[in-house]
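Visitor: I should like to learn how to read a protein model, feature by feature. May we go through one together?

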Amino acid sequence: MKTIKGDLILKENTKFSESITVKGDVKGCFNLEVEGDIDAWDIGALDIKARDINAGYIKARDIGALDIKAWDIDARDIDAWNIDAWDINAG
């Protein structure tokens, strides 16, 4: 597992071959793909793909994951096996 202290600023499409923990936010208008889990405060990206996502707020064009745990999700398309969220805005 990779730990990133502070924010992860996406400056290009980014792929991690392991789970990541971000001690801050994920920001940027690029794709984020993680071969494992994402744990971050807030996630804002174009497309997000991961096994499990755990975040306070997620905003993305597309989300693909097995499990998503979040307070708020704002996305055009969500493809997930399991979603646990207080508020989902998709469509």
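Visitor: Where in the fold is Thr3 placed?

Guide: One begins by assigning a residue to an element. In this predicted model, Thr3 belongs to strand β1, which covers residues 2-5.

Visitor: Is Thr3 buried or exposed, or does it fall in between?

Guide: The relative accessible area decides the class: under 20% is buried, over 50% is exposed, and values in between are partly exposed. Thr3 has a relative accessible area of 44%, so it is partly exposed.

Visitor: Which residues does Thr3 contact, once its neighbours within four places in sequence are left aside?

Guide: Thr3 is in contact with Thr21 and Lys23, with those neighbours set aside. A C-alpha separation may be read alongside the contacts. Thr3 and Val22 are 19 residues apart along the chain, and their C-alpha atoms are separated by 5.9 Å.

Visitor: In which strand does Ile20 lie, and how accessible is Ile20?

Guide: Ile20 lies in strand β4, which spans residues 20-23. Its relative accessibility is 1%, and Ile20 therefore counts as buried.

Visitor: What does Ile20 touch, beyond neighbours within four places in sequence?

Guide: With those neighbours left aside, the contacts of Ile20 are Lys2, Leu8, Val34, Asp37, Ile38 and Asp39. A separation to another residue may be added here: the C-alpha atoms of Ile20 and Leu46 are separated by 18 Å, with their positions 26 residues apart along the chain.

Visitor: How should Asp7 be read?

Guide: The same steps apply. Asp7 is found in the loop between β1 and β2. At 37% relative accessibility, Asp7 counts as partly exposed. Not counting residues up to four places away in sequence, Asp7 touches Val22, Gly24, Asp25 and Lys27. The C-alpha atoms of Asp7 and Asn82, 75 residues apart along the chain, are separated by 26 Å.

Visitor: What can be said of Ala90?

Guide: Ala90 lies in strand β9, which is assigned to residues 52-90. Its relative accessibility of 46% makes Ala90 partly exposed. With neighbours within four places in sequence left aside, Ala90 is in contact with Ala75, Arg76 and Ile78. For Arg76, the C-alpha to C-alpha distance from Ala90 is 5.0 Å, and the two residues are 14 apart in sequence.

Visitor: How many aromatic pairs does the structure hold, and how is such a pair read?

Guide: A pair of aromatic rings is described by the distance of the centres and the angle of the planes. The structure holds 1 aromatic pair. The rings of Trp71 and Trp86 have centres 5.3 Å apart and planes at 5°, so this pair is stacked. The cut-off used in that step is that planes under 30 degrees apart count as stacked. Both Trp71 and Trp86 are exposed.

Visitor: Let us turn to the whole chain. How many helices and strands does the protein chain have?

Guide: The protein chain has 0 helices and 9 strands. The radius of gyration is 11 Å, close to the 12 Å that the globule rule gives for 91 residues, so the chain is as compact as a globular protein of that length. Along the principal axes, the C-alpha atoms fill a box of roughly 30 × 20 × 20 Å.

Visitor: What share of the residues counts as buried, and what does the accessible surface come to?

Guide: Of the 91 residues, 35% count as buried. The accessible surface comes to about 5400 Å², and carbon and sulfur atoms account for 47% of that area.

Visitor: What do the contacts and the charges add?

Guide: For contacts, one considers how far apart the partners stand in sequence. Among contacts between residues at least 6 apart in sequence, 1% join residues at least 24 apart. For charges, one compares mean positions. The chain has 12 positive and 19 negative charges, and their mean positions are 6 Å apart.

Technical notes. Residues are numbered from 1 along each chain as its sequence is written. This is a predicted model: local features need pLDDT of at least 70, side-chain atom pairs count only at pLDDT 80 or more; totals for chains, interfaces and linings use all residues. Side-chain values use heavy atoms; hydrogens and water are left out. Helices (H or I, at least four residues) and strands (E, at least two) are DSSP runs, numbered from the N terminus. The radius of gyration is taken over C-alpha atoms; the globule rule is 2.2 Å times the number of residues to the power 0.38. Buried means under 20% relative accessible area, exposed over 50%, partly exposed in between (1.4 Å probe, protein chains only). Contact means heavy atoms within 4.5 Å. Accessible areas come from the Shrake-Rupley method with a 1.4 Å probe; for residues, only the protein chains shown count as cover. Lys and Arg count as positive and Asp and Glu as negative; His and the chain ends are not counted. The place of a charge is taken as NZ of Lys, CZ of Arg, CG of Asp or CD of Glu. Rings of Phe, Tyr and Trp (its six-membered ring) pair if their centres lie within 6.5 Å; planes under 30 degrees apart count as stacked, over 60 as edge-to-face and the rest as tilted.
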